[in-house]
Amino acid sequence: MAAARCRDLARKAPFPLLLIASVVSLLAVTPLIYIVVRALAADAATWSRLWYGQMPVLLWQTATLLVGTVGFALVLGIGAAWLVERSDLPSRGLWRVLLALPLALPGYVAAITYLILFRRGGVVERFFIDFVGFARGEIPLPNLYNVWGATLIIGLVTYPYIYLPTAAALRSVDRSLEEAARMAGRNGWSVFRHITLPLVMPAAVGGALLVGLYVLSDFGTVAMLRYRTFTTAIYNQFTGQIDRSGAAILSVVLILLALPLLFGEGWFSRRQRRLTSDTVWRPRQLVRLGGWRWPALFLVGLLTLLSLGLPLLVLGGLSMQGWLFPTEADRIWGINNEGILRFGVNSLLVATLAATFATALALGPLYLAVRFPSRISRIVLTLSRSPFALPGIIIGLAFVLLINRWAPFAYGTIFALVFAFTFRLLPQSLSTEESALRAVAPSLEEAARTMGVPPVRVFWRVTLPVAAPGILASWILVFITAMKELPTAILLRPPGFDTLPVRIWAAASESVHTQAAPPAFLLITLTTLLLLPLMQNRLGIDRAIQDNL
């Protein structure tokens with residue numbers, strides 16, 4: 001009977017909608033299928049060489065970075081969210097926005113900043129030599145080329161994935177349980193540990209799983225810090241071998257590592273939606289920090305400085321120096337106003353096209369799943385989400401191999417680059433647009449249909465206007481991600497068509513970190529300018545983050 005109902009529901013879905021959604025899902029799942037097939041077709045010698053030669057070290061180093069970064073980000077995210085939402089921390093409204101802005105900062109840009117600061121001959125050493133009187137070599141500097149440096153930098157740019165949903169949960173959970181615990185004589189720490197933390201833990205863990213997926217997919221940061229993980233090994237296999245099967249094999253192992261995090265994130269996201277909400281207005285009762293108020297303010301300010309302030313100051317200062325007092329190296333690398341503007345325009349063009357196409361294509365599978373729920377629509381939506389399990393380096397690799405095999409005329413064109421970006425970003429569009437479509441009451445559409453309005457016009461005149469704010473928020477978040485995307489752009493960009501991330505990578509890979517500063521500063525500025533208006537609409541960003549930012 002269930003199967004008959006499923007077929008009945010599928011028949012009710014308009015055929016054009018079903019066709020469009022099916023095509024989108026098949027295109028989305030194609031890279032995953034191709035990578036798996038390419039890996040399975042590899043000879044046993046390649047499997048053995050990788051499994052016994054590289055795999056143990058890659059598994060250990062990737063797992064160590066994963067556990068360390070997630071733990072570090074959990075501490076930062078939960079602590080910052082509680083201080084901003086539940087304590088009498090001064091200027092909480094300002095910190096609420098500033099603590100979220102590291103979302104605009106790519107990890108590889110943060111890595112460049114810290115290398116400029118702490119490398120030998122860098123800003124810190126020159127300061128101590130010129131102004132304090134130290135001799136060269138006497139100053140102890142932290143070594144960032146290891147797991148600790150990678151954990152620190154990735155944790156500083158990913159803790160907002162935990163901070164934002166945790167802060168949203170703290171604002172929405174029913175506070176009557178906490179008040180009852182206080183009336184029973186529990187102190188503030190006991191209430192937090194036994195009541196508040198369990199209530200917001202689904203949101204925090206969901207964000208932590210997103211951090212884990214970020215760690216597994218990160219390429220630029222670990223490459224800058226020379227810390228070997230699966231993404232750098234895949235890139236080296238792809239660029240250094242004639243047979244690309246080794247890259248496909250490593251990609252399959254990385255996908256298997258990402259799948260538990262992907263399914264876990266979905267489970268915690270669904271659980272978070274069932275979290276008890278406080279529907280009765282009551283005055284906010286903030287915990288008084290007393291003597292801990294100023295130490296707490298110092299810690300929040302230090303976190304903001306390390307994650308956002310230092311990168312902006314260093315990159316901004318170096319950019320101004322390069323523009324006002326250009327050197328011969330600046331002219332060789334094209335670090336001038338004309339070059340920066342060209343890279344910025346290229347990034348804006350690709351990000352705009354990819355975000356627009358991804359947002360538009362996501363509407364097909366989502367509308368089918370929301371308005372015509374069935375087994376078929378669930379399968380279509382799941383297949384459309386499949387690129388979420390694929391790091392950007394694998395998406396780029398898959399499309400390079402596919403285009404070279406089936407459409408070599410398209411390789412090295414902006415069409416191939418935008419096409420790959422679109423399906424790289426499609427899962428994010430699906431996640432952030434879903435809540436917008438579900439917020440549209442079906443009764444509005446039914447009322448329009450009873451008046452004889454065709455379904456397509458109902459969607460255009462009723463559904464889209466109501467869902468427009470959520471769809472716009474989705475577009476902005478996808479655009480920001482596209483602006484920061486590095487590995488897909490490296491593998492598929494047309495000759496001579498450099499985006500800001502590619503230009504940053506080109507300069508930093510040659511250890512000319514100061515020449516990476518101007519494009520990095522422009523990249524942060526552009527993404528921050530777009531993120532700030534979204535942060536002002538707190539409800540919009542909360543929904544977007546909680547629905548899998």
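This is a stop-by-stop tour of a predicted model.

**The whole chain**

Start with everything shown as cartoon. The chain has 26 helices and 0 strands. Colour by burial next: of the 549 residues, 56% count as buried. Then switch on the surface. The chain exposes about 24,500 Å², and carbon and sulfur atoms supply 67% of that area. Contacts reach far along the sequence. Among those between residues at least 6 apart, 83% join residues at least 24 apart.

**Helix α8**

Select residues 147-158, which make up helix α8. Put a distance between the end C-alpha atoms: they are 16 Å apart. The 12 residues at 1.5 Å a residue should span 16 Å, so the model agrees with the expected length.

Is this helix enclosed or open to the outside? Of its 12 residues, 10 are buried, so α8 is largely enclosed by the rest of the structure. The buried residues are V147, G149, A150, T151, I153, I154, G155, L156, V157 and T158.

Now step back to N146. This residue caps the N-terminal end of α8. Show its side chain and the backbone of W148: a side-chain oxygen of N146 lies 3.0 Å from the backbone nitrogen of W148.

**S307, in contact with L156**

Keep L156 on screen and select S307. The serine belongs to helix α15, residues 293-324. Its relative accessible area is 1%, so S307 is buried. Which residues does S307 touch, beyond those up to four places away in sequence? They are P102, L105, L156 and Y159. L156 is one of the buried residues of α8. Look also at the polar side-chain atom of S307: the backbone oxygen of L303 lies 2.7 Å from it.

Stay in α15 and go to residue 293. The charged end of R293 sits over the ring of W294, 5.6 Å from the ring centre.

**T528 in α25**

Select helix α25, residues 513-536, and pick out T528. This threonine has 14% relative accessibility, under the 20% cut-off, so T528 counts as buried. Where does its side chain find a polar partner? A polar atom of the T528 side chain lies 2.7 Å from the backbone oxygen of I524. Neighbours within four places in sequence aside, T528 is in contact with L101 and A104.

**L74 in α4**

Move to helix α4, residues 55-86, and select L74. The relative accessibility here is 21%; buried would need under 20%, so L74 counts as partly exposed. Add G207 and draw a C-alpha to C-alpha distance. The pair is 133 residues apart along the chain, yet 8.6 Å separates the two atoms. Show the contacts of L74 too. Leaving out residues up to four places away, L74 touches G79, I162, A204 and A208.

**S474 in α22**

Select helix α22, residues 455-484, then S474. With 1% relative accessibility, S474 counts as buried. Its contacts, not counting residues up to four places away in sequence, are S429, T432 and E433. Add A436 for another distance: S474 and A436 are 38 residues apart in sequence and 9.0 Å apart in space, C-alpha to C-alpha.

**Aromatic rings**

Show Phe, Tyr and Trp side chains. How many aromatic pairs are there? The count comes to 11. One of them joins Y367 and F372, edge-to-face, with 6.4 Å centre to centre and 70° between the planes. Y367 and F372 are both buried. Next, select F399, F415, F419 and F423: these four form one aromatic cluster.

**Two positive phi angles**

Finish in the loops. Most residues other than glycine have a negative phi. Two residues go the other way.

Select S91, in the loop between α4 and α5. Its phi is positive, about 55°, although S91 is not a glycine. The relative accessible area is 47%, so S91 is partly exposed.

Then go to R226, in the loop between α12 (220-224) and α13 (230-240). Phi of R226 is near 55°, again positive in a residue other than glycine. Is R226 buried or exposed? With a relative accessible area of 60%, R226 is exposed.

Methods
Residues are numbered from 1 along each chain as its sequence is written. This is a predicted model: local features need pLDDT of at least 70, side-chain atom pairs count only at pLDDT 80 or more; totals for chains, interfaces and linings use all residues. Side-chain values use heavy atoms; hydrogens and water are left out. Helices (H or I, at least four residues) and strands (E, at least two) are DSSP runs, numbered from the N terminus. Buried means under 20% relative accessible area, exposed over 50%, partly exposed in between (1.4 Å probe, protein chains only). A polar contact is a pair of N or O atoms within 3.5 Å; within protein, one must be able to donate a hydrogen and the other to accept it, and residues adjacent in sequence count only if both atoms are side-chain atoms. Contact means heavy atoms within 4.5 Å. Accessible areas come from the Shrake-Rupley method with a 1.4 Å probe; for residues, only the protein chains shown count as cover. The expected span of a helix is 1.5 Å times one less than its number of residues. Rings of Phe, Tyr and Trp (its six-membered ring) pair if their centres lie within 6.5 Å; planes under 30 degrees apart count as stacked, over 60 as edge-to-face and the rest as tilted. A charge sits over a ring if NZ of Lys or CZ of Arg is within 6 Å of the ring centre and within 35 degrees of the ring normal.
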